[in-house]
Amino acid sequence: MARTIPFLPPGRKLVYPFDTAQRWRSDLPMQFDVTVNAQGPAGPVEQLTYRIDLDVLAGHFPETHPGKHLDDQLGAIKDQIRALSSPYEKANSEAIRAENHRWIEELRSEDQDETSGNISRRVKT
């Protein structure tokens, strides 16, 4: 933490496992206080202290994704929606294509109005 990582763009992060599952079978502490001192573009940033409580991860090994069951359920929902929308799109492809064409022509017309000095508002109803 003492050195910067020059190839890491702002807002990005690197994630490393904190410990192995053996931590929960040991007498090691599960709660830590971490103090953050930082420099911002306008100078020093207010010092912040965070409590890290590893007990919330109990039962999940660091190598696994604790929210995996949620990801799996969302994936199943996505598959069901795709199964419903695909036949709809096939059955109504002509109407969908016509509406898309109409919408594109409307946008082109508005762009021409704006370039000619007539400013209109783009609102899809």
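**Close-up views of the predicted model**

**View 1. Arg 51, which counts as exposed at 51% relative accessibility, and its salt-bridge partner Asp 33.** The exposed label applies to Arg 51 at 51% because the class begins over 50% relative accessible area. The model shown in this and the following views is predicted. Arg 51 forms a salt bridge with Asp 33, and the closest N and O atoms of the pair lie 2.8 Å apart. Arg 51 sits in strand β2 and Asp 33 in strand β1, so that this pair, 18 residues apart, links distant parts of the chain. Asp 33, with a relative accessible area of 49%, is partly exposed, because the range for that label ends where exposed begins, over 50%.

**View 2. A nonpolar patch on the surface, formed by Val 34, Val 36, Leu 48, Tyr 50 and Ile 52.** Taken together, these five side chains account for about 380 Å² of accessible area. Strands β1 (31-40) and β2 (43-53) each supply at least two residues of the patch, and the largest share, three residues, comes from β2. Val 34, one of the members of the patch, has its place in strand β1. Val 34 counts as partly exposed, at 31% relative accessibility, and this value meets the accessibility condition for membership because patches are made of residues with over 30% relative accessible area.

**View 3. Glu 99 and Arg 102, a salt bridge within helix α2.** In this pair the closest N and O atoms are 2.7 Å apart. Glu 99 and Arg 102 both belong to helix α2 (residues 93-115), where three residues, or about one turn of the helix, separate them. Glu 99 is partly exposed with a relative accessible area of 31%, and Arg 102 also counts as partly exposed, at 37% relative accessibility; these labels follow because partly exposed covers the range between buried, under 20%, and exposed, over 50%.

**View 4. Glu 106 and the salt-bridge network of helix α2.** Glu 106 forms a salt bridge with Arg 102, and here the closest N and O atoms are 2.7 Å apart. Both residues lie in helix α2, with four residues, again about one turn of the helix, between their positions. Glu 106 counts as partly exposed at 25% relative accessibility, because buried would require a value under 20%. Glu 99, Arg 102 and Glu 106 are thus shown as a network linked by salt bridges.

**View 5. The chain as the setting for the close-ups, with two helices and two strands.** Read from the N terminus on, the elements follow the order β-β-α-α. The structure holds five salt bridges, among them the pairs Arg 51 with Asp 33, Glu 99 with Arg 102, and Glu 106 with Arg 102. Of the 125 residues of the chain, 6% count as buried, and the accessible surface comes to about 11,400 Å², with 57% of this area belonging to carbon and sulfur atoms. When contacts between residues at least 6 apart in sequence are considered, 25% of them join residues at least 24 apart.

Methods. Residues numbered from 1 in each chain as written. Predicted model: local features only at pLDDT ≥ 70, side-chain atom pairs only at ≥ 80, totals over all residues. Heavy atoms only, no water. Patch = residues over 30% accessible without salt bridge, like charges linked within 9 Å, V, L, I, M, F, W, Y side chains within 5 Å. Areas by Shrake-Rupley, 256 points an atom, 1.4 Å probe, with all protein chains shown as cover. Salt bridge = Lys/Arg side-chain N within 4 Å of Asp/Glu carboxyl O. Buried < 20%, exposed > 50% of the residue type's maximum accessible area, 1.4 Å probe, protein only. Contact = heavy atoms within 4.5 Å.
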